[in-house]
Structures are given as C-alpha cells and as structure tokens.
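Me: I've got a model open and want to talk through how its pieces fit together. Mind going over it with me, one question at a time?

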Amino acid sequence: EERLRLEHLLEVKPKHSSTAGIDVIEGLTKNPKTLTPRYLYDDKGSEFFEQICELPEYYPTRTEKTILEQYSSEIAQITGACELVELGSGSSTKTRVLLDAYKNLGYPLRYLPIDVSAGILESSARQLLADYPSMQIHALAGTYELALEKLESSKLSSRLICIIGGTLGNLKPADFDLFISQITGSLQPGEYFLAGVDLRKPKHIIEAAYNDSAGVTAAFNLNVLDHLNWRFNGNFNRSQFEHWAFFNDVESRIEMHLRSLRSQTVELQALNLKVEFEAGETIRTEISRKFDLNLIQEQLKTNGLNPVKVFTDPNKWFAVILSQR
Ligand code: AVJ
C-alpha cells in the first residue's frame, strides 16, 4: 500500500510560462521597489536560510524549538488524534517534535506537508517514512493558497493546520487577514490551527538577528539577484548592491532591502524589462513582522479562529498559538 503521495500543484516549467515574472515586473517598476520574498528561497537561498537558523544572533528558530519541545505533548493532548497539515514544511525538522508527541500518545500519523520547493518536500518525506514506519504522507508541492484550495476534508476525525517558523510574519496586515480566512475555510468547526509568531522585543536584539556578524543574512539577501539573473536572464551585478535590514517601529517589522551603491540600469531580458536605480535606492526584499501577542489573538478571533492556549518562552520573545475554529 502507498504511504507516500506527492502532488505537484505548480507548473513544471515556470521559467517558460508567460505569467511567470509578472510579480517581478510589478514590484520593480513601482516606487519604492519591492520583490515577493518567495524569490529568496531558491535552492541556494534555502541553504542560506538553514545556516541563518544556526546563527548565534538569530534567536527565532532556537526559541520556537524550545517552546515546541516543552509543550508538544500538551498540544497533542488538547487536540487529540488529528491529521497534521503543515504550511511551509521545509525540512520538517521542528515538526518532528510535534509528530513525536502524537506518536507517543499512540495516535495514527497522517501528515500533509506543503511547500513551494518540491525537492526539499520529497527528500524530507522519504526520510520521515523511514523514521516513522506507520506514517502516511500526502505531500503538496505548491503555494499555500493552491494547496489549501486542494485540501479535502480530514481523513482522520480531526485536523490541525500549522504554520511554524514565523512565516506568518512575511504577510502584511491585509494579506494576513485574507490568509487566515482561507485557513478558517479549510477547517471544520472544532478543528485546530497552530502558529509560531515572533514577538516585539528591544530593537537591538531584533536588528542583530538580521545583521549577523558572519554575513550570512547579507549573502542570503544578495542571492535573490543571482536567482533573478538565472530565472529571467538578467544582468544584476551583486557587487553593486548591499544588504540593509532595519526595524521599522511604526509597522513593527523588520524590513530587508538591497541598496544600489550607484546609479545603474539593470536588464531582465526574459521579462523585456529595464530597471533604473538611483544611487542609494533600494529594493525591499522581505518584511518580517514582530507581533503584539494580544493584537494577533484579536486578529485570529476576528477571522474565525478562537485562541485556545498560548505557549511562550520565559523572555516572551516568541509564541506558539493554538486556536480552534
Ligand atoms: C522564514 C520569514 C521566518 O523572517 O525571520 C531570516 C526569514 N530573513 N533572516 C524571518 C529571514 C532573514 C525568516 N522567515
């Protein structure tokens, strides 16, 4: 019997599709210039991100892992047996803590990892099957939106949708509401949602996490230019840009930018696009919101998800929020 099903929801060759890159054209022709953070996560970028998670300055991964280790069995007891849908599963490293908790309670393991990177999805699924002999996996390669649309109702008695790693912070408030209502739509009344979110804290701690002394975050950020060059036949010269990350107090978010070191024109041939930069002009490549715990619980509630319990670390640097439709 098949324990692994892998479904591809994205076009196989986005490189040659006519709609690929429309978001790039939009982002690079407006003022200020932006890119969707998705372009940071090609294979090279995902490797850099794994390295970021190990950095001494980058507290989120470590803090969230501690919280999950401490509270996973409590989470599993609250939800009872359920299938686990994970948005942005990546290497599924932290998820194992949660999966172990369900396993230890003797619950059946049905896991639906969702990720845009099909490569990492398949390799981590195979590894999980080897390590959990009774696990059933239905992996979905695609965007969260596509995958949520595709989900049938739970094959087990209940469902838990989780998004850990702080990915929710990438969404600006309007997109956040839309996204949460989509989650609500994929849950039956009584089913659960688990989210890991980074919280507000003194500015210097946050800024250090995105300006590490080893320069890994800078390399991660600059890699987006190589990715665009490769994907759209471009001529960005990465030595003509520099990494810039700062905490925007008003919006309560980290903003990551690439700053042009001089005035220059860059061409993306496949998009038939010429982009002009003034000296000092930036492209915003990612935002990472730092939430107020009360506000985010309110926002979940407004969108149909009622907070059940909040798990946090002693410093209250990070929170894992369990809520229920
Ligand atoms: C993967 C979006 C949670 O916002 O902290 C890390 C990405 N960017 N360092 C974050 C990131 C720069 C990370 N998320």
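Me: Is Leu-121 buried or exposed?
Reply: Keep in mind that this is a predicted model. The cut-off for buried is 20 or more other C-beta atoms within 10 Å. Leu-121 has 25 C-beta neighbours inside 10 Å, so Leu-121 counts as buried.

Me: Which residues does Leu-121 touch, leaving out those up to four places away in sequence?
Reply: Leu-121 is found in helix α5, residues 118–131. With residues up to four places away left out, its contacts are Ser-89, Pro-113, Asp-115, Ala-139 and Ala-141.

Me: And how far apart in space are Leu-121 and Lys-274, C-alpha to C-alpha?
Reply: In sequence, 153 residues separate Leu-121 from Lys-274. In space, C-alpha to C-alpha, the distance is 35 Å.

Me: How many residues of strand β4 are buried?
Reply: Strand β4 covers residues 110–115. Arg-110, Leu-112 and Ile-114 point one way, Tyr-111, Pro-113 and Asp-115 point the other way, and all are buried. In a regular strand, side chains alternate between the two faces of the sheet. β4 is largely enclosed by the rest of the structure, because the buried count is 6 of 6.

Me: Which residue stands opposite Leu-87 in β4?
Reply: Strand β3 (residues 83–87) pairs with β4 in the parallel sense, over 4 bridges. Across from Leu-87 in β4 stands Ile-114.

Me: Over to the helix α3. What span should its 21 residues have?
Reply: Helix α3 runs over residues 59–79, and its end C-alpha atoms are 28 Å apart. That agrees with the expected value, because at 1.5 Å a residue the 21 residues should span 30 Å.

Me: Where does α3 bend?
Reply: The bend in α3 is about 55°. Among the buried residues of α3 are Ile-67, Leu-68, Tyr-71 and Ser-72. Cover for the buried residues of α3 comes from elements including α4 (95–104), β6 (159–163) and β7 (192–198). As for the bend, α3 has it at Tyr-71.

Me: Which residue just after α3 takes a positive phi?
Reply: The phi in question is about 70°. The residue that takes it, just after α3, is Gly-80.

Me: How many residues of the shell around the ligand are charged?
Reply: The residues around the ligand include Ile-52, Pro-60, Asn-170, Tyr-210, Met-256 and Glu-286. Pro-60 also appears among the buried residues of α3. The shell divides into 4 nonpolar and 7 polar residues, and the charged ones number 1.

Me: What's the strand order in the open sheet of 4 strands?
Reply: The pairing in this sheet is mixed. Its edge strands are β2 (33–34) and β8 (241–248), each pairing on one side only. Read across, the order is β2-β12-β9-β8.

Me: How many bridges join β8 to strand β9?
Reply: β8 and β9 run antiparallel, with β9 taking residues 253–260. His-243 has Leu-258 in β9 as its bridge partner, and Glu-242 stands opposite Arg-259 in β9. The number of bridges joining β8 to β9 is 8.

Me: Which residue in the hairpin of β8 and β9 takes a positive phi?
Reply: This hairpin has 4 residues between the strands. The phi is near 50°, and the residue taking it is Ser-252.

Me: Last one: which residue in β12 does Arg-253 stand opposite?
Reply: β9 is mostly covered, with 6 of its 8 residues buried. β9 and strand β12 (residues 282–289) pair in the antiparallel sense over 7 bridges. Opposite Arg-253, in β12, stands Arg-289.

Terms used:
Residues are numbered from 1 along each chain as its sequence is written. This is a predicted model: local features need pLDDT of at least 70, side-chain atom pairs count only at pLDDT 80 or more; totals for chains, interfaces and linings use all residues. Helices (H or I, at least four residues) and strands (E, at least two) are DSSP runs, numbered from the N terminus. The expected span of a helix is 1.5 Å times one less than its number of residues. The bend at a residue is the angle between axes fitted to the seven residues ending there and the seven starting there. A residue is buried if 20 or more other C-beta atoms lie within 10 Å of its own, exposed if 12 or fewer, and partly exposed in between; C-beta atoms are placed from the backbone. Two residues are in contact if their C-beta atoms, placed from the backbone, lie within 7 Å. A residue is near a molecule or strand if its C-beta atom, placed from the backbone, lies within 6 Å of it. Ala, Val, Leu, Ile, Met, Phe, Trp, Tyr, Cys and Pro count as nonpolar, Asp, Glu, Lys and Arg as charged, and the others, Gly among them, as polar. Two strands pair if DSSP finds at least two bridges between them.
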